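Ready for a few exercises on holes and charge pairs? Have a look at the model first, then try each task before you read its solution.

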Amino acid sequence: MLFIKCLRILLDERCFRGEKMTREEVNAIINLADVNADGKFDYIKFCKLYVTTNEKCLKTTLEKLEVDSKLKRQQFGSHIEGPPEWDLSPVPKPSPRITRKTDQETFSNKGDTKSSLLATSRKFKTSVSFTFTMGANSNQNSKLTEPDSLKEWQCVQSKGCFFLEEDGEIISHHYRMQIAQRSIVYLTIKPLNLSQVEGKPSPWLSVDTALYILKENESQANLQLICFTELRNREVFGWTGELGPGIYWLIPSTTGCWLRKEIKPITEEAQLVYRDETGELFLTKEFRSTLSDIFEVIDLDGNGLLSLEEYNFFELRTSGEKCDEDAWAVCRENFRTKKNELTRQGFMDLNLMEANDREGDPRDLWVTLHSMGYNKALELTEACPFIIDIYADKCKPRIKAVHMEGCSGQLEKAICKSVLNKGDAKVMDGYENIIVYTYKHDTWITSVIENKSDNKVIIHINNELSKNCMNSRGLNIFAVEVAPKSTMVCQHVMPLNEQQEWIYYCVYSLIS
């Protein structure tokens, strides 16, 4: 009788977390396990019934998800399921993965059959198009150059990282910068090279980076876009200009054209730990090297030590929790520290302790590695570390990483504002409240859609006739829904091969 009561409570609790069930439904589930209809509960039968039902539900759910996924692909176009390959040669080459007909053919005139059928079967109310022909190596027109007396200026530096989430969103560190007096400021951002092998740079150096600078007026909620890093010298993007005294927010950005989910199959999982002949547990050389790189990334100020604030960014990323002052004190007592900060060896020992706590089971270690962007071969494929340098001629700037955030907040607003300020605008014929803005930079193109009407609209986007291009959506053809009285980033487009001419041709059509 007590067991039945406990079971009823358990079922009620589980139902409360999901869909609420009535008392009659709970009783009906229990009665299913009454073998002889004599009021006695058969626990073994109930367990078998539970497992069987759970498997059926899982199968049904997976089938439904597959159907929904197919319907979504039919509606929004053909999807690229992986990133273009990073090319380390002096002359970039188009990715062989993208030349397959089953993948994105943005540099082809034909496009895939599904996309063509989708484009011809829809009836559009109105359309506008943009065409830009961009020359090879066009980034030479916006060459970033250092100020002549830069060596005499005061400088601060901070590291950070872009992380690719499961849903494809990219998040990164956000920073507050303080300028004490009016100064000429030179800011740069670039991918952080972790490779120790000369002549073999880290593969993510081809990921584009940018920095948006916003001024804080009275409060954090009231931010004014000042500028962003438009000038470029190879992998470095920068800006030079005068800034008055005050608090500024620095928001890193990447288009998502190069930083994407990978689909490369991993044939062999890297070994993280091993035991010697005495049974003592050790970290493998490969894992120690990876942990050293992770330490390099999370050591934001580059002093070779981890402060509590720096370590908490790591903890929030990998476990979703923070380490408080008391826990940090215990950490300092048990692991190697210097100036109350964790050393690189202390960080290694902390991970070894976690492995020992699990008796050598590496599953928790893999959770940490995946959260930091590593695959099963210990390759960093879903993250891009970067480094920010700030110079000022009249005072020493101060910079602090404040939090990590995606592109849907202040960054999206900043990008939209910059495109509206500098981009070409075209109004949908007959629908003056719907405007498409396109900003053309030497190395990328960004489009933004503004909906001034009181109703949501759906815009169909067709990139099929673009050549030597890739976009942040990974789609030739897709549709976006724009909420009433709102502005949204539609897509970023970059050349697949910078050494060749690239043509951006995009048609925006109103569906509803």
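**Exercise 1.** Does E165 count as buried, partly exposed or exposed? Work that out, then look at its charged partner.

*Solution.* Keep in mind that this is a predicted model.

Step 1: The relative accessibility of E165 is 24%. Buried means under 20% and exposed means over 50%, so E165 counts as partly exposed.

Step 2: Now find the partner. E165 forms a salt bridge with R317, and their closest N and O atoms are 2.8 Å apart.

Step 3: Place both ends on the chain. E165 sits in the loop between β2 and β3 (170-179), while R317 belongs to helix α6, so this pair ties together parts that are 152 residues apart in sequence.

Step 4: Check the other end too. With a relative accessible area of 16%, R317 is buried.

**Exercise 2.** Which residues line the second largest cavity, and which elements do they come from?

*Solution.* Step 1: Some background helps here. Rolling a probe the size of a water molecule over the atoms shows where empty space is left.

Step 2: This cavity has a volume of about 60 Å³. Its lining is made up of C161, F163, H173, V297, I298, L300, E310, F313, F314, R317 and M372. Yes, R317 from the first exercise turns up here as well.

Step 3: Sort the lining by element. At least two residues come from each of β2 (154-164), α5 (285-298) and α6 (308-318). The largest share is that of α6, with four residues.

Step 4: Sort by domain. Domain 3 (150-261 + 383-408) and domain 4 (273-372) each give at least three residues.

Step 5: Sort by class. You should get eight nonpolar, one polar and two charged residues.

**Exercise 3.** Why does the largest cavity lie between two domains?

*Solution.* Step 1: Start with the overall count: the structure holds four cavities of 30 Å³ or more. In the largest one there is about 90 Å³ of space.

Step 2: Go through the lining, which consists of D208, T209, A210, Y212, F237, S253, T254, T255, I415, W444, T446 and H492.

Step 3: Compare those with the domain bounds. Residues of the lining come from both domain 2 (127-140 + 421-510) and domain 3 (150-261 + 383-408), so the cavity lies between them.

Step 4: By class, the lining has five nonpolar, six polar and one charged residues.

**Exercise 4.** Take the salt bridges of E498 and K485. Which residue does E498 pair with, and which one does K485 pair with?

*Solution.* Step 1: Recall the basic idea. Side chains of opposite charge can pair when their charged atoms come close. In this structure there are 16 salt bridges.

Step 2: E498 pairs with R232, with 2.7 Å between the closest N and O atoms. These two link distant parts of the chain, 266 residues apart: E498 is in the loop between β22 (486-495) and β23 (502-510), and R232 is in strand β7 (residues 231-233). At 12% relative accessibility, R232 is buried.

Step 3: K485 pairs with D454, and here the closest N and O atoms are 3.4 Å apart. K485 lies in the loop between β21 (477-482) and β22, and D454 in the loop between β18 (445-451) and β19 (457-462), 31 residues apart.

Step 4: Look at accessibility for this pair. K485 is exposed at 58% relative accessible area, and D454 is exposed at 59%.

Step 5: To finish, look for a network. K159, E296 and R344 are linked in one made of salt bridges.

Notes. Residues are numbered from 1 along each chain as its sequence is written. This is a predicted model: local features need pLDDT of at least 70, side-chain atom pairs count only at pLDDT 80 or more; totals for chains, interfaces and linings use all residues. Side-chain values use heavy atoms; hydrogens and water are left out. On a 1 Å grid over the protein atoms alone, a cavity is a set of points where a 1.4 Å probe fits but cannot get out, and a pocket is an open set with protein on both sides within 12 Å along at least five of seven lines; lining residues have an atom within 4 Å of a point. Grid points are joined across faces, edges and corners, and a volume is the space filled by probe spheres set on the points. Ala, Val, Leu, Ile, Met, Phe, Trp, Tyr, Cys and Pro count as nonpolar, Asp, Glu, Lys and Arg as charged, and the others, Gly among them, as polar. Domain bounds come from an automatic or database domain assignment. A salt bridge is a side-chain nitrogen of Lys or Arg within 4 Å of a carboxyl oxygen of Asp or Glu. Buried means under 20% relative accessible area, exposed over 50%, partly exposed in between (1.4 Å probe, protein chains only).
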